[in-house]
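Please open the model in your viewer and keep the selection panel at hand. The tour below moves from one selection to the next and says what is found at each stop.

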Amino acid sequence: MELISFFDYRKKSTVSKAKKGDKEAFLALIDENRLNIYRVARGILKDTVDIEDAIQNTIIKSFQKINSLKQDEYFRTWLIKILINECTQILRKGKRVTYLSENSDTEIYNDSYENIDLTKAINSLSEELRVTTVLFYFEDMSTKDIAKLLKISDGTVRSRLTRARTKLREIMGEVEI
Amino acid sequence: MIELNDDLFDDKIRKKLKDEINCVPNDINQKIDSTLNKINKKRFTIKKACCILVSCIGVTLLLGMAMPTYTSNIPIIGNIFKMFTNKIYENYDEYASDLNITKESSGLKMTIDKVVYDEVQLSIFYTIESEKEIQDTPRFPGAKLRINGKETTFSAGGTGKLMNDNKTFAGSIEYNVSKHNSVPKEFQNEHLLGGYVEIPDKFVLNLDIDEIGLDNPIKGTWNFNIPVSSEKVNGKVNEKECDIDLSNIVSGYHINKIITTPLNTVIQGTRMDDEENADRLSFAVFDNKGRYIKNKSEEAVGDKDKDGNYIMYFSNGFKEIYDDTDYLTFIPWKYKNNDSHETENNITEKLNLKGETKLYSSDGKEYMTITKVNIEDGKTKIYYKSRYGVNAAPIEIVDNKTGENIISFNEDYNFEEQKEATTYNADTDEYAITCDKEIKDGDYSVKTIDKSKSIEVYGDEKFTIKIK
């Protein structure tokens, strides 16, 4: 017999309601995950407008596709997957922007939030390292779950994390961490 | 320094990251609220989201603009311009008009320095000066626009640079003010703020700004009446009907117009989207002399028609053509509509300087063949064939003995620069990249990024449009 906690039961139940078209339930699910989706989007994207677009499209798509979610308990993973796809689309379209901003010293975004050195360090990683790193550190996902979500091997995830750690150690310096 | 083991390092990183981002900023919360609100009120359609998204992509693409026309006025920017190797704006200075209109409010002095208009795009170059350090990006996306007094709206993008101890911001904003817009009047009247507005050759753009900044905007009043004229491009703008059907790639995709100006090249048309996807096409464009015409922007607007189909009016913008360009070749490509990502792995092969070098995707399919490596006038020309065309660029050449990146796309090398410098021979279907250094008599590797899983290129559907 499958044992599930009250919390999980409530979540499964909310997802189930949302799948049946209960908008309040859907809004509650998004509310629960606000910080998670913001962290992931902020980890991958730099520009505030891009972050807003990614989050907005993720909410709309998840609302429209929630019936395709097979296992209710994986709502958050499913939502994050949609978000990563949205972020990736924006990154791909904006690759030139990244270059120009870096090389022409052009300020295309500005953070009003202080003390986000580590987030900025993650922003500076290559796209493939960045997504893996964000899932691992922000979402606390295991390498196996990341591999499944990104449809890559566990070895590739581990290798990316090793590379990311090396870069983060270089960028941040261990003393400051 | 003692190096932390990975687990300890991971724990510390996790904690620090979560401390760094421990709340959702107000502007993001507002965006989430407004999206949820729209869902709740059943007013939102995915296609409208697409409109917003696509429009923003246009904006994003424009964010990289530098301001060559500024360089004579502000010496500090002159230095930045030296670093700016992109050729997009090389002709802007010739078509710019000086304005120097200043308005001051709430401690911010804003000056409109120059304006450039080519019947397709209106570029405004401005400076914002503050006695205090400017904390927020001084952009003004909520500005009200009127043309000869009539309220209107345009998609826009811009860029800028803080200088002078962050007390001065020099920026540009680009509005897509096209008098060659092919979006039907009825659609504009129904869906766009202010509805259809005729764009005359000469007009006054009323730019009313009531707040400057994105995160914590400063309220104030900066109202400008900007005289705009397309006189400088008079006789140099050509609009041509065309009839290109790409509906076997994207449902209902049809290009019906091409516009060339001294600063832009634009194709316009319609496509049908389904409920789920905005299936847009991009193009690699070369002229009859094989020169690459860089992509500048993509945008689309549209909505559901009475039959329930989404008709989207798209516009793809490119750099201007050359004086001696007779025709353009367009090679369509698009991102694959799959859920996979992170699929762009590297491919590395030993470079054969005397013959062909074949590069294969991870699934064993041929990805790219470097057909020859020639030294011409002290430079190295690398010729290649690939169904992924200019998208197969950038390539990296590494000296295996010294580890030196002869051509690198990782850090210092300009990815766009390599694309811009790529030439295409339509007769042989061969591309060429030029490297300033001589690559000879050594042991080298060639590396590229495998795009085969992420994009689809429709080489068989390439087409030409005669310009002259």
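Begin in chain B by selecting strand E19 (residues 357–360) and strand E20 (residues 366–376), which run antiparallel and are joined by 4 bridges. Bear in mind throughout that this is a predicted model. To locate one of the pairs, pick B:Thr357, whose bridge partner in E20(B) is B:Ile370.

Now follow the turn of this hairpin, where 5 residues lie between the strands and B:Gly364 takes a positive phi near 90°. Return to E19(B) and show its side chains. In a regular strand, side chains alternate between the two faces of the sheet. In E19(B) the covered face carries B:Thr357 and B:Leu359, whereas B:Lys358 and B:Tyr360 lie on the uncovered one.

Move along chain B to strand E25 (residues 430–435), and select with it strand E21 (residues 379–385); the two pair in the antiparallel sense over 5 bridges. Within this pairing, B:Thr380 has B:Cys435 of E25(B) as its bridge partner. Next add strand E24 (residues 423–425), which runs antiparallel to E25(B) and is joined to it by 3 bridges. Here B:Thr423 stands opposite B:Ala432 in E25(B). Between E24(B) and E25(B) the hairpin has 4 residues, and B:Asp429 takes a positive phi near 55°.

Before leaving, select the whole of chain B, which has 6 helices and 28 strands. Of its 468 residues, 41% are buried. Among the contacts in chain B with a separation of 6 or more, 66% come from residues 24 or more positions apart.

Finally, turn to chain A and select helix H3 (residues 34–44), which is largely enclosed by the rest of the structure, because 8 of its 11 residues are buried. The buried residues include A:Arg39, A:Val40, A:Gly43 and A:Ile44.

Add helix H4 (residues 48–65) of chain A: H3(A) and H4(A) pack at an angle of about 135°, with their axes 9 Å apart. That angle makes H3(A) oblique to H4(A), and H3(A) passes H4(A) in a right-handed crossing. Which residues make the contact? From H3(A) they are A:Ile37, A:Tyr38, A:Ala41 and A:Arg42, and from H4(A) they are A:Ile51, A:Ala54, A:Ile55 and A:Thr58. If you colour the residues of this contact by character, they divide into 6 nonpolar, 1 polar and 1 charged.

How values were computed:
Residues are numbered from 1 along each chain as its sequence is written. Chains are lettered from A and ligands numbered from 1 in the order in which they are written. This is a predicted model: local features need pLDDT of at least 70, side-chain atom pairs count only at pLDDT 80 or more; totals for chains, interfaces and linings use all residues. A residue is buried if 20 or more other C-beta atoms lie within 10 Å of its own, exposed if 12 or fewer, and partly exposed in between; C-beta atoms are placed from the backbone. Axes are lines fitted to C-alpha atoms, for helices over the stretch in contact, and angles run from 0 to 180 degrees between N-to-C directions. Angles under 35 degrees count as roughly parallel, over 145 as roughly antiparallel, 65 to 115 as roughly perpendicular and the rest as oblique. A crossing is left-handed if the near helix is turned anticlockwise from the far one by less than a right angle, and right-handed if clockwise. Two residues are in contact if their C-beta atoms, placed from the backbone, lie within 7 Å. Ala, Val, Leu, Ile, Met, Phe, Trp, Tyr, Cys and Pro count as nonpolar, Asp, Glu, Lys and Arg as charged, and the others, Gly among them, as polar. Two strands pair if DSSP finds at least two bridges between them.
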